[in-house]
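Hi there,

Here's the structure I promised to pass on. Have a look at it first, and then read my notes below.

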Amino acid sequence: MAWLQHLRASQLIAQLLTQTYTAAEIRVHGVGTFLLHHFERMAAASDAEQARLAAAGARTKVAAAAASGLAFAATFGLLGLLVSTGHLALAAAGTAVVAVRTGAANVGGLLGSVNQLFEEALYVGDLQTLTTEADTRAIPTGGADLPERPAAIHVEDVSFTYPGRTAPSLDGVSLVVPTGRIVALVGDNGAGKSTLARLLCGLYQPDRGTIRWDGVDTATADRAQQFASTVLLPQDFFRWPLTLRAIVTTGRPGHHDDAQVLGAAAEFAGMADLLRQQDRGWDTLAAKGFEGGVDFSGGQWQRIGTARTHLRATTTGTDGRRPFLVVADEPTSALDPAAEVRAFDRLRRLADQGLTVLLITHRLAASASADLIHVLKDGRLVEQGTHEELMAADGADPDGDRPGAGSYRTAYLLQAQQYATRLPGPRPTAEPAEPAEPAERSDR
C-alpha cells in the first residue's frame, strides 16, 4: 500500500509536468523545478519501497532454499548411511529417493498455492471493503414519485455538514423556491450557496430538515426522477474532451443529429460565431491533445455549457420528463459585459417559459432582476425578499437574530460605487453613510 501511494503520487506529478493546462503557470511561475524535485522524491520513495519488498522476498526465498537444501542433504545423507551399513536395500533406497523428491515437489506446490491464496485474499479483502462502503454511499433506486412541475420547492430547517468538517455549511435554512421564477442566492464566499443548490438537485441529502417538492420529501423520493427534472450549470462544469455536438447533447443522445434543436441551443447561447470559426462546425473536437482538436476560452466554454443547458431544459428525456429546475452557478463569470447582459436575458426567457431558475451569483446587478432573493451568511439565511424590499431595509436588527441584516444593501451599493463616476477624493468605506440608491436600473 505504501508503494502504491508513492507510485500514484509520482504519476500525478508527471501528468502535471506534461499537460498543456499547467504549461503557462509552470513556465511563468517557475513551478517546473519544484514539481520535478517532488517527482524525484516520490519516484525515489517508490523505488526504495519496491526494493525493500524485493529484498524481503529474496531473503525469504534464500532462507527457504537453504532450509530445503539442508533437509535434502540430511535426507540423502541418512539414506546413504543406511545403505552403506546394510540396513536398507539399494532398491528400497532408490524408491525412497523418488518418494522424497515427489513429496518435496508436492509440498512446494502446496506452499506456493497457500502463498498465492494469501496474496489474492488481500485484494479480495480490499474489494470487499470497497463494495461495502459503496453500498452505504449508493444512490437508492425507486421511491415516491415526484411531481413533474411542483408549485414550489420548500426547504425546511435544513442543515448540512461536509465529512471531515466541524462547522456546518448550512445551518437551519428555511426558504421557498417558487416555480416559474428567477430566484437568486447571494452571499459571501463559503456562505453555503452552492451547497444548497446541490441539495436542491439531489446530489446531497440534508443531515437535518426536509426538502419538499410540494408535499413530497425528496429524501424518500425517486432520485432518478429528481435528476431528470433538473438542469445543472455549475461554474466548474467538466469540459468534456468530445465534439461540440456530443457535449451539447450530453444526456440527450436522441437529439444528436437534430439540426433544429441544436440550432435553437446555439442561438440561445450565442454560439453562432463560435461555430462559424470552426472548420468542422458541430463536429469540432474540444480536445487539443488530439489531431484536429481545438481549445476554447473560458467564455466560449460557458457558451457551450449554456447551449447544453438550453437543450436539456427544452427537450424530454427517455423517461418522458422535462426539467423544470435550472441551477446556474456563476454562469457568466468568464463572459464579457455585453455577453453577460445577454446571458441574463436568456435566463429570463427560460423563466418566462415556466422553468424555475436558481441563480447563484456575486454580481448583484444580475440578482437585482431576480423575482426573489435569498441572502446567505455563514450557512444561515439572513435576508430574503425582492431587490426593492432588500434595498429598502435599513439593516436594523433589534432582536439580534439576523446578524447579516442589511448585508445585501451594503454589498449592492459597494458594487454600484465601483462603476459610479466620482470626483477625486477618498474611496468609500465598507459601510457607506446613507448612500443614495440608483434612481433607475437598466437591467430591469
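Let's begin with a small puzzle: is F238 buried or exposed? Keep in mind that this is a predicted model. F238 turns out to be exposed, because its relative accessible area is 52% and the cut-off for exposed is over 50%.

That ring has a partner, so here's a quick word on how such pairs are described. A pair of aromatic rings is described by the distance of the centres and the angle of the planes. Going by ring centres within 6.5 Å, the count comes to eight aromatic pairs. One of them joins F238 and W240: their centres are 4.7 Å apart and the planes are at 75 degrees, making the pair edge-to-face. W240 counts as partly exposed, with a relative accessibility of 37%.

Now jump to Y408 and Y412, which make a stacked pair, with 6.2 Å from centre to centre and 25 degrees between the planes. Why does this pair count as stacked? Because planes under 30 degrees apart count as stacked, and the angle for Y408 and Y412 is 25 degrees. Both residues sit in helix α14 (residues 407–419), four residues apart, which is about one turn of the helix. Y408 is buried at 2% relative accessibility, and Y412 is buried too, at 8%. The cut-off for buried is under 20%.

There's also an aromatic cluster to look for, made up of F160, Y162 and Y204.

Next, the strands. Which order do the six strands of the open sheet have? Going across, you'll meet β6-β7-β8-β3-β9-β10, and the pairing is mixed. At the edges are β6 (230–233) and β10 (380–385), each pairing on one side only. On average, neighbouring strands of this sheet are turned by 15 degrees against each other, ignoring direction.

If you'd like to trace one strand pair by eye, try β9 (residues 372–377) with β10: they pair in the antiparallel sense over five bridges. As a landmark there, V375 has E383 in β10 as its bridge partner.

Finally, two helices lie across strands of this sheet. Helix α5 (residues 193–201) lies across β3 (182–187), β6, β7 (325–329), β8 (356–360) and β9, and runs at about 155 degrees to β8. Helix α10 (residues 298–313) lies across β6 and β7, running at about 180 degrees to β6.

Have fun clicking around!

Cheers

Technical notes
Residues numbered from 1 in each chain as written. Predicted model: local features only at pLDDT ≥ 70, side-chain atom pairs only at ≥ 80, totals over all residues. Heavy atoms only, no water. Phe/Tyr/Trp six-rings, centres within 6.5 Å; stacked < 30°, edge-to-face > 60°. Buried < 20%, exposed > 50% of the residue type's maximum accessible area, 1.4 Å probe, protein only. Pairing = 2+ DSSP bridges. Axes fitted to C-alpha atoms, helices over the stretch in contact; angles between N-to-C directions. Contact = heavy atoms within 4.5 Å.
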